[in-house]
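Visitor: I would like a close look at one part of this structure. Please start with a single aromatic residue and work outwards from there.

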Amino acid sequence: MNTALILQHIAAAQRAAGAVMLSATDALAQEKSGHRDVVTQYDQRVQAMLMEHLAAVVPGSSFYCEELAENCPLDGERVFIIDPIDGTMNFLKGLHHSCISIAYCERGELLAGAVYNPYADELFTAEKGKGAFLNGKPIHVAETTLADSLVHFGTSPYYDSVTDDTFAVARKVYAASLDVRRKGSAALDLCDVAAGRVGLYFEMSLSLWDYAAGALLVREAGGVVTRMDGSALPFDGGKPSILAGNRDCVEAFLKL
Ligand code: LIP
């Protein structure tokens, strides 16, 4: 099955699950690692819907998902990396800024990614080597300098150990940019970079399901994605920092 067809199946699954998000009226939080790390019945319901849909149309699928107790190896033949609702706290509080993030890999190679924001009806898609798109139209990272860019950042609320450093970096970036934004969905932050809406995004500790699809979108939109020290972003079960943007903004950040 070619990647383009798999990407179509991913988009169909995301749109169906997005309708469930839009219909939600009674999201209930369950704590995971702490009061800022929560899951709702909708995260689990959307994840189950996505897995069922994709397993039915893509034979031999395996899944690496935020809300699975046990995840598949990342070097499998056909692996879907899924964050069923990225921006869960936004979703729980009715902030209408959350998305469904799905990346597709074969034998450890990231081949396609899609992020769907049902509130804005914005579907970001990319296939490796074929560019990035928003609702089917090509997108590209901004051509601006850091001084002329907005910057998204994440606060890694599950990891108190990086809080002070995060806000210290945000203060420095604020002085070097137009302004900073913390909107609560890493995947949508990466999409905004790919679409040229903001010049840079950073977060000090993030999971693969948060960034796998978004990182491919930024790269296919002409951007750079690394750890915050400029080293290669890993593709494993770790919690690395992430830095994404156009080359000028990334280089300016690394000099800060
Ligand atoms: C969230 C990210 C956010 C990050 C949080 C969390 P979730 O994803 O989108 O940027 O700061 O730690 O990882 O948990 O809502 O899917």
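Guide: Trp-209 has a relative accessible area of 12%, and because the limit for buried is under 20%, Trp-209 counts as buried. This is a predicted model, so every value here is computed from predicted atoms. The ring of Trp-209 pairs with the ring of Tyr-64. A pair of aromatic rings is described by the distance of the centres and the angle of the planes. For Tyr-64 and Trp-209 the centres are 5.8 Å apart and the planes stand at 40 degrees, which makes the pair tilted. Tyr-64 belongs to strand S3 (residues 62-65), while Trp-209 belongs to helix H6 (residues 208-220). The two parts are 145 residues apart in sequence, so the pair ties together distant stretches of the sequence. Tyr-64 is also buried, at 10% relative accessibility.

The structure holds eight aromatic pairs in total. Another of them joins Phe-202 and Phe-253, again tilted, with 5.6 Å from centre to centre and 40 degrees between the planes. Phe-202 sits in strand S12 (residues 200-203) and Phe-253 in helix H7 (residues 247-255), so this pair ties together parts that are 51 residues apart in sequence. Phe-202 is buried at 0% relative accessibility, and Phe-253 is buried at 7%. These two residues also belong to a cluster, in which ring pairs link Phe-153, Phe-167, Phe-202 and Phe-253.

Back to helix H6, which holds Trp-209. Helix H5 (residues 186-194) packs against H6 at an angle of about 0 degrees, with the axes 8 Å apart. The two helices are therefore roughly parallel to each other. On the H5 side, the residues that meet H6 are Ala-186, Ala-187, Leu-190, Cys-191, Val-193 and Ala-194. Their partners in H6 are Asp-210, Tyr-211, Gly-214, Ala-215, Leu-217 and Val-218.

Leu-188 leads on to the next residue, since Leu-188 is among the residues that Asn-117 touches. The others are Ser-98, Cys-99 and Glu-122, leaving out residues up to four places away in sequence. Asn-117 lies in strand S6 (residues 109-117) and is buried, with a relative accessible area of 6%. The side chain of Asn-117 reaches two backbone nitrogens: that of Tyr-119 at 2.9 Å and that of Ala-120 at 3.2 Å.

A second pair of helices can be set beside H5 and H6. Helix H1 (residues 3-23) and helix H2 (residues 41-57) pack at an angle of about 155 degrees, with 9 Å between their axes. That angle makes H1 roughly antiparallel to H2. The crossing of H1 past H2 is right-handed. Among the H1 residues in this packing are Ala-17, Val-20 and Met-21, and the H2 residues include Val-46, Met-49 and Leu-50.

Val-46 is in helix H2 and is buried, with 0% relative accessibility. Leaving out residues up to four places away in sequence, Val-46 touches Ala-17, Val-20, Met-21, Pro-84, Ile-85 and Ile-100. Val-46 and Gln-14 are 32 residues apart in sequence, and their C-alpha atoms are 8.9 Å apart in space.

Methods: Residues are numbered from 1 along each chain as its sequence is written. This is a predicted model: local features need pLDDT of at least 70, side-chain atom pairs count only at pLDDT 80 or more; totals for chains, interfaces and linings use all residues. Side-chain values use heavy atoms; hydrogens and water are left out. Helices (H or I, at least four residues) and strands (E, at least two) are DSSP runs, numbered from the N terminus. Buried means under 20% relative accessible area, exposed over 50%, partly exposed in between (1.4 Å probe, protein chains only). A polar contact is a pair of N or O atoms within 3.5 Å; within protein, one must be able to donate a hydrogen and the other to accept it, and residues adjacent in sequence count only if both atoms are side-chain atoms. Contact means heavy atoms within 4.5 Å. Rings of Phe, Tyr and Trp (its six-membered ring) pair if their centres lie within 6.5 Å; planes under 30 degrees apart count as stacked, over 60 as edge-to-face and the rest as tilted. Axes are lines fitted to C-alpha atoms, for helices over the stretch in contact, and angles run from 0 to 180 degrees between N-to-C directions. Angles under 35 degrees count as roughly parallel, over 145 as roughly antiparallel, 65 to 115 as roughly perpendicular and the rest as oblique. A crossing is left-handed if the near helix is turned anticlockwise from the far one by less than a right angle, and right-handed if clockwise.
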